[in-house]
Amino acid sequence: MPDIHPIYLVAAIPLFPLAMSLVIALLKPTRGRAASFLALLGLGVSLVLSLYVLKLSLQEPGLVQTGGFPWIQLGPLPVDFSVIIDPLSASMLAMVTFIGFLIFFYSGSYMADDPDCARFFGYLSLFAAGMLGLVISNSLLLLFMCWEIVGLASYLLIGFWYQKPAAAAAAKKAFITTRIGDLFLFIGLLWAFKDGGTLLFYYHGNGLLEPGRVAWLAGIPAPVFGLSVAGVISLLIFAGAVGKSGQFPLHVWLPDAMEGPTPVSALIHAATMVAAGVFLVARTYPLFVADPAVLTVVAWVGGFTALFAGLVAVAQNDLKRILAYSTVSQLGMMMLGLGVGGVGAGMFHLLSHAFFKALLFLAAGSIIHGCHGEQDIRKLGGVARSMPLTTVCYLCGTFALCALPFGSGYFSKDEILLAAWHNNPGVFVLGAAAAFCTSFYMTRQLCYVFPGNHRSHAHPHESPWRITAPLVVLSLFALAFGGLARHWGILEYLEPGFHAPEHSSLVMAVGLAVALGGILAGWLVYGRRALPVGEPDAVAVTLPPVYRFLENRAWMDELYMATVGRIWGALAALAVVADLALNAVTDWTVLSIQNLSRTLAIYSDRVLIDQWGFDGLCRAVRGAGFLSTRAQNGQLQGYLRFITLGAVALGLLLGWALLRG
Amino acid sequence: MVTLQHYLILSAVLFSIGLLGVLTRRHAVIVLIGIEIMLNAANLNLIAFWRFGPHLENFEGLLFTLFSIAVAAAEASVGLALVIAVYRHFKTPDVEKMNTLRE
């Protein structure tokens, strides 16, 4: 491949899954095996290319290459399609294709019994194409388009079992909630285009994220909040990220999104798509840096989300829902990292989180698969005995998630906490508390699911190798990725010019203390004895109001229902009334126009055109014909009269001419 | 003094009378008579132009008129024969009834 310019390779990466999704769309829905093979093939090619691009990028870490072609010319301003290779896109490409490949492989077995398997793989391939496009785009517009494609794919996949009302509702909820963020992102995009004059990120020193433009944008005061335009744009972009990455207050869709098939939860709603918001912030980081107030907002929103979701996760009983809240919490952690520590800390946590959270979801899927669809942790139990391999993998994932020493999460979370400690101690407290919650709810979950005896009547069994193999691979990554990446300087790679904050033993001690403390607390509450069926939760017994608050997810859904929902309901009722009124008016208008035209039709058509126009003309022609036939009557004398008349007329004409001279 | 104009006017009057007879009369024989009157008006014209012309020594006018009278005699006989034949066929001398070329 040496004589192909790498930018073409990068541009080709999303095209393979896209092509495959189109091919799969043409397959019969029942050809699940063929579809899974095609999807795997498409993504496999992308995986190879992505790894090659990663290798190129690793050889030359400072390398930023862009390439594109003009798409639209708007007056003097071109809108280009452009792609980019830089450490961000290269690392994301490798992560997305690698995890995606494993999850596609896993899905081939997990979804094999579904009658709509081919449709599933078509959507997955479409998602992969959109996600890869998002990662490599060098233009805010292209990024936004891919952003919407992944949003669409997410909607389609959450609602994959659309016959289930809950799934259909969750799909709508996800789509609409993220659309709120997307609206802000779109406004930010337009604003950037208006004041920045381009949508390209990097373009020979004139890109939106290059120092010249950033300084220019930071120099224009914006009419709101006393921020500069750069600050407002980055705030709007962050609002888009809040929607997509499930940050408070737009996090409500993400737990519901677990109605989709489990591989979807793993790929889209844990590892990749929800991380797109974080990625977006990391991508446009130079704009955020231009106005430090925005970064503070990012950090606080992230920190609050991390703690809030961590607390809510404590009181959930659905296996996947706990993981979903955990994802929200970890995404908040990444935002926190971006807010206080820069691209390196946030993205490092994104990458390591992708591995262990995908692992946890896939393992949860394996448990659900093995336990015949049971998702309620109070009814699971004894899984360790019947599914040993899945259990080991799940433990690996938990190990990494809880940031126990030398797991993946340990290194990335440590970076974030360290940066928070140095820059924003308030946020540090939030992050540490969130980490405590993480350990606590994971321990609670483990205590319910794995030890003891099975609490319902089904007989769990270990999943086939096609499900467990990806688990094993991901387990290795969950354990080793963080340490190895840290050792090889991933932070310096992701963020050129990164300077490590001063190492603090205190932070390390706190991090370790909350991780172990959470586990210990969880074990004290849940782990000391077998948990019988039907027994209320230990926290619910001791702190009923708190538990009820958390179990109902802080009544966020109900709050939205009571405020936004009610306003919307009133508006909808108003719209119905307006619609009826408009209908009456339009009906009346239509009826009168109808009557008018009917009258006109009678008078103009029948009288004017038919009677006068057509019939009158006919009569005139017939009369003229009658007259002229009367002349042609066979009477010689009659003819002679005409001849005489003609001769006399000629004579008169001649005489007249002679007299005139 | 009788001049060319007098002859010409007389000839025109005669022609007009003949033409009127041809146009208005319905009896076939009267129509033939009208035709004869028109012919004679023309003959009178020929004679008058010869008589008042510059070449009295030549007899073209006279000869034309003689020819014309001869032809008129022949024509009158053929015409009368035709009228009789038509009368036999249509059982009427009325020309307005003779308006078909076949039965």
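How far apart are the end C-alpha atoms of helix 1 of chain B, and what should its 21 residues span? I started there, keeping in mind that this is a predicted model.

**Entry 1: helix 1 of chain B**

I took residues 4-24 and used 1.5 Å a residue, which gives an expected span of 30 Å. The end C-alpha atoms are 30 Å apart, so the two agree. Next I asked which residues of this helix are buried. I got B:Ser11, B:Gly18, B:Leu19 and B:Val22. Looking down the axis, I saw that the buried residues fall within an arc of 100 degrees, so they line one face of the helix. On the other side I noted B:Gln5, B:His6, B:Ile9, B:Val13 and B:Thr24 as exposed. I then looked up what the buried residues pack against, and found helix 27 (636-660) of chain A together with helix 2 (28-51) of chain B.

**Entry 2: across to chain A**

I followed up on helix 27 of chain A. It packs with helix 1 of chain B at an angle of about 140 degrees, and the axes are 8 Å apart. That angle makes the two helices oblique to each other. Who meets whom? I listed A:Gln637, A:Leu640, A:Arg641 and A:Thr644 on the helix 27 side, against B:Leu19, B:Val22 and B:Leu23 from helix 1 of chain B. By class, I have four nonpolar, two polar and one charged residues in this contact. B:Leu19 and B:Val22 were already on my buried list.

For the chains as a whole, I found eight residues of chain A in contact with seven residues of chain B. The chain A side divides into two nonpolar, five polar and one charged.

**Entry 3: a helix pair within chain A**

I also checked helix 8 (residues 211-219) and helix 9 (residues 229-244) of chain A. They pack at about 100 degrees with axes 5 Å apart, and are therefore roughly perpendicular to each other. I have A:Val214, A:Leu217 and A:Ala218 of helix 8 meeting A:Val229, A:Ala230 and A:Ile233 of helix 9. The class split here is six nonpolar, no polar and no charged.

**Entry 4: A:Tyr547**

Is A:Tyr547 buried, exposed or partly exposed? I get 18 C-beta neighbours inside 10 Å, so I put it down as partly exposed. A:Tyr547 has its place in helix 25 (residues 544-551) of chain A. Leaving aside neighbours within four places in sequence, I found A:Tyr547 in contact with A:Ala315, A:Asp537, A:Val539 and A:Ala540. I also looked up A:Asn206, 341 residues away along the chain: its C-alpha atom and that of A:Tyr547 are separated by 54 Å.

Notes
Residues are numbered from 1 along each chain as its sequence is written. Chains are lettered from A and ligands numbered from 1 in the order in which they are written. This is a predicted model: local features need pLDDT of at least 70, side-chain atom pairs count only at pLDDT 80 or more; totals for chains, interfaces and linings use all residues. Two residues are in contact if their C-beta atoms, placed from the backbone, lie within 7 Å. Ala, Val, Leu, Ile, Met, Phe, Trp, Tyr, Cys and Pro count as nonpolar, Asp, Glu, Lys and Arg as charged, and the others, Gly among them, as polar. Helices (H or I, at least four residues) and strands (E, at least two) are DSSP runs, numbered from the N terminus. The expected span of a helix is 1.5 Å times one less than its number of residues. A residue is buried if 20 or more other C-beta atoms lie within 10 Å of its own, exposed if 12 or fewer, and partly exposed in between; C-beta atoms are placed from the backbone. The arc is that of the directions from the helix axis to the C-beta atoms. Axes are lines fitted to C-alpha atoms, for helices over the stretch in contact, and angles run from 0 to 180 degrees between N-to-C directions. Angles under 35 degrees count as roughly parallel, over 145 as roughly antiparallel, 65 to 115 as roughly perpendicular and the rest as oblique.
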